[in-house]
Amino acid sequence: MKSTVKIGIAVGVCAIVFILLLTGLETKESTTSTAMVGQPIPAFELPEVMDTSILLDESLFQQQPLTLLNVWAAWCGICKTEHQFLHQLKEQGVNIIGLDYRDDRIAAKQVLEQTGSPYQAVIFDPSGSLAMDLGVYGTPTTFLVNQQGIILHRFTGALDEKKWQREFADFFEAK
């Protein structure tokens with residue numbers, strides 16, 4: 001009887017620890033982080049995910065008045081949910097650059113081939129060096145970058161229409 005109680009307590013404690021760890025791993029929605037806001041996009045030279053012979057750099061952001069930089073990964077379930085909304089933004093003329101974060105390139109290519117790409121280009125960042133320079137701590141994270149390469153806004157979490165209106169729409173209406 002005593003050993004059954006001990007086993008039950010041990011299983012209960014393990015379950016609680018597991019649940020706490022699991023909830024701690026989820027990306028929390030946040031606009032409170034101002035890391036990099038007001039700063040230039042870090043200098044980089046990384047390959048394009050679909051064709052690694054193409055090297056991309058910070059000049060990507062000089063092509064449009066405003067560009068979203070969306071940090072995502074094939075392994076990120078929330079990113080897959082957000083992907084549909086990014087397609088809507090692309091249809092509305094929003095310029096979006098993807099940053100494929102600490103990912104397997106083949107898996108990322110498969111996601112983009114299967115679902116279509118909402119991105120004008122996708123930076124392949126297998127070591128996470130650019131994402132770390134940007135202060136990314138979870139995916140998805142979206143930055144708004146102006147034509148001079150300055151980060152205007154940052155949002156961590158999956159974008160949808162409501163969050164877009166709250167976080168980013170005013171920047172695009174003002175242009």
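Start by colouring the strands: 5 of them make up an open sheet, ordered β5-β4-β3-β6-β7, with mixed pairing. Keep in mind throughout that this is a predicted model. At the edges sit β5 (121-125) and β7 (151-156), each of which pairs on one side only. Look along the sheet and follow its twist, which averages 20° from one strand to the next.

**Into the sheet**

Now select residues 66-72 and 96-101. These are strands β3 and β4, and they pair in the parallel sense over 5 bridges. For a landmark in this pairing, pick L69, whose bridge partner in β4 is I97.

**The helices on the sheet**

Next, show residues 77-91, which form helix α2. Helix α2 lies across β3, β4 and β6 (141-146), and it runs at about 165° to β3. Then add helix α3 (residues 105-115), which packs on the sheet and touches β3, β4 and β5. The direction of α3 makes about 120° with that of β3.

**Aromatic stops**

Turn on the aromatic side chains; there are 5 aromatic pairs to find. Go to W72 and Y119 for a stacked pair, with 5.9 Å centre to centre and 15° between the planes. Because W72 lies in strand β3 and Y119 in the loop between α3 and β5, the pair ties together parts that are 47 residues apart in sequence. Both W72 and Y119 are buried.

Move on to W75 and Y101. Their ring centres are 6.4 Å apart and their planes are at 50°, so this pair is tilted. W75 is in the loop between β3 and α2 while Y101 is in strand β4, so the pair ties together parts that are 26 residues apart in sequence. Check the surface here too: W75 is partly exposed, with a relative accessible area of 49%, whereas Y101 counts as buried at 12% relative accessibility.

For the last aromatic stop, select F85, W164, F168 and F172, which ring pairs link into a cluster.

**Charged pairs**

Finish with the salt bridges, of which the count is 2. Display D160 and K163 together: they form a salt bridge whose closest N and O atoms are 4.0 Å apart. D160 is partly exposed, with a relative accessible area of 32%, while K163 counts as buried at 18% relative accessibility.

Then select R166 and E167, which form a salt bridge with the closest N and O atoms 3.0 Å apart. Here E167 counts as buried, at 10% relative accessibility, and R166 counts as partly exposed, at 46%.

Technical notes. Residues numbered from 1 in each chain as written. Predicted model: local features only at pLDDT ≥ 70, side-chain atom pairs only at ≥ 80, totals over all residues. Heavy atoms only, no water. Pairing = 2+ DSSP bridges. Helix = DSSP H or I, 4+ residues; strand = E, 2+ residues; numbered from the N terminus. Axes fitted to C-alpha atoms, helices over the stretch in contact; angles between N-to-C directions. Contact = heavy atoms within 4.5 Å. Salt bridge = Lys/Arg side-chain N within 4 Å of Asp/Glu carboxyl O. Buried < 20%, exposed > 50% of the residue type's maximum accessible area, 1.4 Å probe, protein only. Phe/Tyr/Trp six-rings, centres within 6.5 Å; stacked < 30°, edge-to-face > 60°.
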